[in-house]
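Biologist: Hey, got a minute to walk me through this one? I'd like to start with what your words mean before we get to the residues.
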Amino acid sequence: MSPARPCTGLRAAVAAASMGLSDGPAGSGRTCRLLRPPPPAAPGARLLRLPGCASERAGWTEALRAAVAELRAGAVVAVPTDTLYGLACSASCSAALDAVYRAKGRSEAKPLAVCLGRVADVYRYCRVRVPKELLEDLLPGPVTLVMERSNELNKDLNPFTPLVGIRIPDHAFMQDLVQMFGGPLALTSANLSSQASSLNVEEFQDLWPHLSLVIDGGPIGDSQSPECRLGSTVVDLSVPGKFGIIRPGCALEKTTAILQQKYRLLPSQGFCS
């Protein structure tokens, strides 16, 4: 079992950056500039309303096909997830990654998560050091699992860190979308950087001119509840036998109970939390 690693250097910077607490990673050599949003474009995003359930196949399939077409063209699409509305693009398209940062006015030093469709896909894009049963207990769900990335991921995706955050939202549309797309999606919250996260499409209308498509899945949670805007719980699982909470998020209690009580992982005291 590896000893706990102190919250210093690259790992500390990655943890802080994922919570918006740092302008850039220590020793990365990258310029930590904040990308300002470009001037509004016209005519703006196409809006598609998602049917209430996947059984309404015509509307569901139309939305999936439209989103996949835009993603394959290198565009940025707004999507509903199990926690918040997000911005998605092909993780393999470097120009699309840059477009996400510019639309949000997000620092280049803040990492983007990777959205996958199945637990089996995690093994392709990460070096997994926990039991498969642990992954299946947490995914799909409102968590982001941080692990060492594999060489399968685009080198322009978070080039300043050897780690990557993996999301499999507990949301039927998102799982169908990633599987139909056939590759990893980069995913981040649909809001201007440092502003409140979005629980309905109207809350991020300032971003619409910079998007190709907005999938309206209806309200997510209670817009009056601050807890509903916390986003996923971000957990570092890159150290064998240990876990670190990078962001408490909306599923902290359940997640830590699974990690500690069922799998006997030890919290890393040196991690930022």
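Modeller: Sure. When I say buried, I mean under 20% relative accessible area. Also keep in mind that this is a predicted model.

Biologist: OK, let's try that on A45. Buried or exposed?
Modeller: A45 has a relative accessible area of 19%, and the cut-off is under 20%, so A45 counts as buried.

Biologist: And where is the place of A45?
Modeller: In the loop between α1 (9-18) and β1 (46-49).

Biologist: What does A45 touch, not counting residues up to four places away in sequence?
Modeller: W208, L211, S212, L213 and V214. As for V76, A45 is 31 residues from it in sequence, and the C-alpha atoms are 9.7 Å apart in space.

Biologist: Let's switch to helix α6. Which residues are buried there?
Modeller: Helix α6 covers residues 172-181, and the buried ones are F173, M174, Q175, L177, V178 and F181.

Biologist: What do the buried residues of α6 pack against?
Modeller: One helix and several strands: α2 (57-72), then β2 (77-80), β3 (85-90), β4 (113-115), β8 (185-189) and β9 (213-216). Just after α6 you reach G182, which takes a positive phi of about 85 degrees.

Biologist: Back to α2 for a second. At what angle do α2 and α6 pack?
Modeller: At about 50 degrees, with the axes 10 Å apart. That angle makes α2 oblique to α6. The crossing of α2 past α6 is right-handed.

Biologist: Which residues make the contact?
Modeller: From α2 you have W60, A63, L64, R65, A67, V68, L71 and R72, and from α6 there are A172, F173, D176, L177, M180 and F181. Sorted by type, the residues of that α2 and α6 contact are 11 nonpolar, no polar and 3 charged.

Biologist: Now aromatics. How many aromatic pairs are there?
Modeller: The count comes to 2 aromatic pairs. In one of them, the rings of W60 and F173 have their centres 5.7 Å apart and their planes at 85 degrees, so that pair is edge-to-face. It links distant parts of the chain, with W60 in helix α2 and F173 in helix α6, 113 residues apart.

Biologist: Are those two buried or exposed?
Modeller: Both are buried: W60 has a relative accessible area of 4%, and F173 has 0%.

Biologist: What about Y85 and F204?
Modeller: Y85 and F204 form an aromatic pair too, but a tilted one, 5.7 Å centre to centre with 40 degrees between the planes. Y85 lies in strand β3 and F204 in the loop between β8 and β9, so the pair ties together parts 119 residues apart in sequence. Y85 is buried at 0% relative accessible area, and F204 counts as buried at 2%.

Biologist: Last one, D216. Where does D216 lie?
Modeller: In strand β9. D216 is buried, with a relative accessible area of 8%.

Biologist: And what does D216 touch?
Modeller: Leaving out residues up to four places away in sequence, D216 touches L47, L48, R49, L50, Y85 and V201. That brings back Y85, which pairs with F204. D216 and V79 are 137 residues apart in sequence, while their C-alpha atoms are 7.2 Å apart in space.

Note on methods
Residues are numbered from 1 along each chain as its sequence is written. This is a predicted model: local features need pLDDT of at least 70, side-chain atom pairs count only at pLDDT 80 or more; totals for chains, interfaces and linings use all residues. Side-chain values use heavy atoms; hydrogens and water are left out. Buried means under 20% relative accessible area, exposed over 50%, partly exposed in between (1.4 Å probe, protein chains only). Helices (H or I, at least four residues) and strands (E, at least two) are DSSP runs, numbered from the N terminus. Contact means heavy atoms within 4.5 Å. Rings of Phe, Tyr and Trp (its six-membered ring) pair if their centres lie within 6.5 Å; planes under 30 degrees apart count as stacked, over 60 as edge-to-face and the rest as tilted. Axes are lines fitted to C-alpha atoms, for helices over the stretch in contact, and angles run from 0 to 180 degrees between N-to-C directions. Angles under 35 degrees count as roughly parallel, over 145 as roughly antiparallel, 65 to 115 as roughly perpendicular and the rest as oblique. A crossing is left-handed if the near helix is turned anticlockwise from the far one by less than a right angle, and right-handed if clockwise. Ala, Val, Leu, Ile, Met, Phe, Trp, Tyr, Cys and Pro count as nonpolar, Asp, Glu, Lys and Arg as charged, and the others, Gly among them, as polar.
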